[in-house]
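Please explain how this structure is put together, going from one chain to the contact between two others. Running paragraphs in a plain style would suit.

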Amino acid sequence: MKRLAYPLIAVSMLWLVACGPTPTAAPTEAPTPVPAAETPTAPPAGIPTGEVKTAVIGFTASQTGKYNVSSTRQVNGLKLWMDQVNAGGGIVLSDGTTIKFEAVSYDDESNKDRVQELYTRLATEDNADFLISPYSSGLTAAAAVIAEQYGKVMITTGAASDATYKEGYTLIFQAYTPASRYLTGAVDLLAHLDPQVKKIAFVYENTKFATSVVEAAKAYAEEKGYEIVLFEGYDAETTDFGPFINKILESGAEAILGGGHFQDGSTFARQIHEKQVAIKFFTLLVAPPEPDFADLGDAAVGVIGPSQWEPLAAFTPESAEEAGLEWFGPLGEEFVEAYQAAYNEEPSYHSIGGYAAGLILQKAIMDADSIDPMAIKEAMDKMDILTCYGHIKFDTSEEAHGLQIGHDMVYIQWQKDSAGNLVKQVVWPLEGATAEALYPKP
Amino acid sequence: MLIASLTDGLLLGFVYGIAAMGLSLIWGVMDVINLSHGPIIALGMFGIYLAFTGLGWNPYLSLLLVAAVGLLLGIMIYGAAVHRVINAPHLSTLLATFAVNMIIIGIGTAVFSTSPRNVDFSLGSFSLGSITLLWTRVAAALAAVLVTALLYLFLYRTRLGKSIRAVANNRAAAELMGIPASWVLAFSFGLGTMLAAISGGLIATFFPFTILAGGSYELKSFVICVLGGLGNPLGALIGGLILGGLEGIIPTFMETTWVPVLEFILFVIILLVKPSGLLGGET
Amino acid sequence: MKPWRNPGLWLVLTLTVAISLWPLVAANKAYSREVTFTILKAVALASSLNILLGYTGYVSFGHIVFFGLGGYVGFYLMSVHNAPLYVAVPAGALVSGLLAFLLGKAILRLRGAYFALATIGINEAARAFIKNFEPFGGPIGMSLKFKVYKSYGGPEQALWIAFASLAALTVAVLLVSFLVKTSRFGLGLMAIRENEDAAEVMGVITPNAKTWAYVLSAVFPGMVGVLFFFKNGNIEPPDAFNLHQSIETIVMVMLGGYGTVLGPLLGSAIYQRLRGLLLVSPLFKNIQLAVAGVLLLLIILFVPAGVVGWLRSRFPRLRRVLE
């Protein structure tokens with residue numbers, strides 16, 4: 001009898017689980033509503049008379065795994081935008097229909113395996129009207145195929161790699177400055193700081209994003225007459241940078257450019273510091289602009305990083321007028337204030353990336369006066385605006401459709417203020433700089 | 001550069017050696033390949049992490065606690081998953097320990113998520129000529145040597161240790177001599193997981209990790225086991241040093257990403273040519 | 001008995017066809033096609049592994065290497081040389097089969113755990129190698145240009161083609177699995193499983209038999225790989241050579257009952273359905289792996305013969321139907 005009991009338990013367990021209630025997609029938890037925050041859309045005078053439509057925005061977030069830090073900020077930014085629009089009465093179309101938004105999202109665990117499965121689910125089962133990309137170029141490349149296969153417009157944010165926009169997609173639009181322009185400014189900065197330095201080492205993460213960054217930067221540096229003494233990738237899951245540090249020492253490099261994402265970047269910076277590598281100029285991707293990078297303490301001092309946006313950035317309706325562009329959305333301070341009120345933390349460029357994705361979508365819906373994917377696509381193709389995040393314009397050529405061509409990078413550096421606290425300063429381009437660059441890196 | 005890389009690699013090799021020793025011991029004593037080895041290494045990392053970040057304990061003191069918990073956990077795993085199939089074909093023990101692997105990873109992911117953790121602990125560094133070494137790495141290597149010495153004392157000088165060797169040699173004969181084989185097997189399994197947990201704890205003092213991090217150290221342990229010969233603790237330590245040395249030397253003349261390719265090719269070749277291990281005796 | 005007079009065969013084929021037809025009648029066709037694709041993929045992988053694991057008794061832990069390699073070769077042909085799917089799929093099969101043939105001669109000499117370890121080593125070596133192999137895109141892999149789908153009549157059509165091909169392939173795997181089991185060749189394999197030395201004495205040319213079983217079990221995963229990555233539109237080393245997926249396939253075979261034709265089919269369908277449900281539930285999402293682990297442990301400890309084996313021993317009358 002006992003021998004029979006166990007299989008029975010096993011089988012009945014299986015049956016129970018298999019026949020349990022089908023889980024429904026849980027709408028993402030709404031963050032604390034932002035009271036009285038400046039909403040981008042002022043509801044029109046008079047009460048809208050038409051019906052209310054709820055547009056579903058689908059995306060996956062890396063709630064766990066290596067992209068957790070950046071992805072969470074990105075989603076926070078997006079949700080802030082959505083709450084502001086919904087609280088402001090939604091978007092009212094000319095026929096009186098009001099569009100409100102609802103988010104459906106799943107955890108992709110920073111893992112590509114699940115991304116395609118989940119985006120298919122978003123496109124088919126959850127009937128998402130619009131898709132927002134996951135964080136990182138690798139996950140986005142996987143999601144983009146699905147979006148295009150099912151004819152959904154997808155705005156990508158936190159996904160800079162150029163390659164994704166060269167696959168012949170027509171519905172994918174990039175909010176970030178593409179990877180090929182991430183580190184070219186750092187090379188200019190280095191030339192500005194010290195014309196004597198000639199030897200650069202590139203040590204980068206073997207991912208779509210970092211590879212496209214360093215390949216473009218390498219070509220640019222060579223063109224400027226630099227000698228590339230080391231050009232080597234590391235696996236995404238690397239925790240031991242010892243071999244690379246030894247190679248850097250051996251190569252006699254004076255400057256290091258590279259990195260990849262947050263986790264590997266901060267580990268790399270920490271091990272460079274621990275090993276007391278004497279290097280004059282150290283630029284890493286993604287990690288330095290994140291406020292959490294300050295947790296490294298002394299290891300963070302002097303590290304430079306390219307950023308899509310900084311809270312100090314001065315984009316205003318006036319500057320839009322000067323540049324002959326249309327201004328759209330709230331001011332930078334208003335965004336920072338609302339973000340801090342909602343999440344009690346400083347926004348990083350990933351935060352505003354998510355917010356900007358929302359703004360772009362909103363503007364496209366308003367311009368298209370519809371939520372039909374084809375009309376939205378057309379509006380996006382024509383878009384040329386300035387927001388608190390910066391200039392937005394998409395490439396419309398067949399070869400690189402959807403590539404961001406308006407937006408530019410700034411470069412930040414961690415420095416110590418007079419009280420000995422770590423602070424992030426903009427050091428390049430000079431017209432936006434908030435401090436002199438600390439050089440050489442201590 | 002060669003000297004610097006080699007030193008780094010060898011210091012790491014001691015820790016790899018401890019991890020492999022755990023796998024090797026279990027394999028040698030009861031002919032079981034423990035596929036839950038990796039997650040247990042990860043649990044060792046989290047043990048140190050929790051003790052350090054939660055309670056503020058010194059990592060090297062917490063290592064004693066991690067070792068004790070590792071021993072108990074191993075005995076429990078043996079009782080729950082391995083004992084019933086110990087005499088069944090290899091597939092059964094492989095899958096049973098893999099099931100334990102899935103359970104630990106599953107629960108671990110639910111509790112800790114897969115986000116990377118860091119034990120923010122430093123002993124500083126010192127310079128020897130042109131090379132800079134971290135004290136945490138040196139301490140880990142010393143701890144590894146100490147653990148190996150203790151294990152040898154235990155296996156060769158204590159009654160229980162001698163019983164383990166007897167059971168490993170011939171289980172049936174040992175039972176006839178009045179040695180409680182089941183108990184000895186359970187204890188050996190505990191000892192093996194204890195070593196895995198200790199190695200995880202040591203790694204946590206200098207590398208970041210996630211709940212999934214044990215996997216790559218488990219694979220390295222396999223390679224080391226066939227290098228050093230199965231069931232031979234000292235062989236495992238030497239195998240660890242060989243692997244660490246290779247990881248130090250290979251990057252000096254080719255791209256670092258080729259290291260795993262060479263490691264696994266070497267692994268397969270040794271399996272084919274001399275399955276008892278480079279340092280192992282005849283089987 | 002002639003194979004087509006065996007009710008066991010018809011049961012297996014009917015079940016597979018029924019699963020494959022479900023998306024055509026389901027309310028949400030696209031979504032049920034995706035779900036079914038995942039199930040059929042698992043069935044095909046598990047059934048081909050079963051030829052080696054179940055019939056011959058050799059535990060290949062790294063069997064996914066054939067899925068990955070076949071997928072890579074097929075994908076390379078499609079994305080770089082613009083080869084059509086009907087060329088890429090056989091190419092994937094050919095390369096996987098060839099690799100198995102070459103490897104088989106060497107590693108099938110190893111027995112038990114040593115063989116299992118060697119297969120893990122080969123899979124890891126292959127993954128690490130492809131990461132460094134620039135023609136296949138190195139660590140960042142390759143993507144299909146989107147216009148490729150247009151030549152199949154648009155992406156929607158392309159997805160249906162991939163699905164239909166996989167369904168046909170799955171039926172073929174099960175048919176082969178059945179024919180092997182009831183043939184003289186299969187009898188030789190099972191003799192090897194029970195006692196390799198005795199089989200040798202009884203006149204089974206074991207090295208040849210084992211190698212052909214290995215080749216046969218490698219050919220199908222190679223084709224499934226091509227179809228899977230064609231549908232995905234991109235391929236990267238960690239997805240192609242995912243050791244975890246390899247071990248999950250073993251779990252599915254064991255769950256259903258190894259060494260039977262029906263077992264892998266049943267096992268994969270149950271396991272995938274279970275996983276699919278747990279995956280999107282916030283409560284079970286993380287714990288799904290632990291649940292699967294507990295399930296596997298219970299099977300190993302108490303019902304090592306799997307669902308089909310257990311049914312056969314409990315209800316001897318069913319033996320005629322459950323092959």
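**Chain A and the contact of chains B and C**

Of the contacts in chain A between residues at least 6 apart in sequence, 70% join residues at least 24 apart. The model is a predicted one, and what follows is computed from it. Chain A contains 12 helices and 16 strands. Its length is 442 residues, of which 56% are buried.

A useful place to begin is strand β15 of chain A, which spans residues 410-416. Six of the seven residues in β15(A) are buried, so the strand is mostly covered, where buried stands for 20 or more other C-beta atoms within 10 Å. Strands of a sheet pair through backbone hydrogen bonds, and the pairing is either parallel or antiparallel. β15(A) has antiparallel pairing with strand β11 of chain A, residues 304-307, through four bridges. Within that pairing, A:Ser307 has A:Val410 of β15(A) as its bridge partner. β15(A) also runs antiparallel to β16 of chain A, residues 422-428, and six bridges join these two strands. Here A:Tyr411 is set opposite A:Trp428 of β16(A).

What lies between β15(A) and β16(A)? The two strands form a hairpin with five residues between them, and in the turn A:Gly420 has a positive phi of about 85°.

The chain then continues past β16(A). A:Trp428, already met as the residue opposite A:Tyr411, is joined to A:Pro429 by a cis peptide bond with omega near 0°. A:Pro429 belongs to the segment after β16 of chain A. A:Pro440 is also placed in the segment after β16 of chain A. The bond leading to A:Pro440 from A:Tyr439 is cis, with omega near -10°.

A further sheet in chain A is open and has three strands, in the order β12-β13-β14, with mixed pairing. Its edge strands are β12 (326-327) and β14 (390-393), each of which pairs on one side only. β12(A) runs parallel to β13(A), residues 384-387, and two bridges join them. In this pair, A:Glu326 is opposite A:Ile385 of β13(A).

Two loop residues of chain A deserve attention for their backbone angles. A:Ser136 is not a glycine, yet its phi is positive, about 95°. This serine sits in the loop between β4 (130-132) and α4 (137-149) of chain A. Is A:Ser136 buried or exposed? A:Ser136 counts as buried because it has 29 C-beta neighbours inside 10 Å. A:Asn344, another residue other than glycine, has a positive phi near 60°. A:Asn344 is placed in the loop between α10 (332-343) and α11 (349-368) of chain A. With 8 other C-beta atoms within 10 Å, A:Asn344 is exposed, because the cut-off for that class is 12 or fewer.

The remaining part of the account concerns chains B and C. Their contact takes 32 residues from chain B and 35 residues from chain C. On the side of chain C that touches chain B, the elements giving two or more residues are α4 (85-107), α5 (113-132), α12 (243-256) and α14 (288-302) of chain C. The largest share of that side, 14 residues, is supplied by α5(C). By class, the side of chain C that touches chain B has 27 nonpolar, six polar and two charged residues.

One helix pair shows part of this contact at the level of residues. Two packed helices are described by the angle between their axes and the distance between the axes. For helix α4 of chain B, residues 90-112, and α14(C), the axes come within 7 Å and cross at roughly 160°. Angles over 145 degrees count as roughly antiparallel, and α4(B) and α14(C) are therefore roughly antiparallel to each other. Their crossing is left-handed. Among the residues of α4(B) that make the contact are B:Leu95, B:Ala99, B:Met102, B:Ile103 and B:Gly106, while those of α14(C) include C:Leu289, C:Gly293, C:Leu296, C:Leu297 and C:Ile300. The contact of α4(B) with α14(C) has 15 nonpolar and five polar residues, and no charged residues.

How values were computed:
Residues are numbered from 1 along each chain as its sequence is written. Chains are lettered from A and ligands numbered from 1 in the order in which they are written. This is a predicted model: local features need pLDDT of at least 70, side-chain atom pairs count only at pLDDT 80 or more; totals for chains, interfaces and linings use all residues. Two strands pair if DSSP finds at least two bridges between them. Two residues are in contact if their C-beta atoms, placed from the backbone, lie within 7 Å. Ala, Val, Leu, Ile, Met, Phe, Trp, Tyr, Cys and Pro count as nonpolar, Asp, Glu, Lys and Arg as charged, and the others, Gly among them, as polar. Axes are lines fitted to C-alpha atoms, for helices over the stretch in contact, and angles run from 0 to 180 degrees between N-to-C directions. Angles under 35 degrees count as roughly parallel, over 145 as roughly antiparallel, 65 to 115 as roughly perpendicular and the rest as oblique. A crossing is left-handed if the near helix is turned anticlockwise from the far one by less than a right angle, and right-handed if clockwise.
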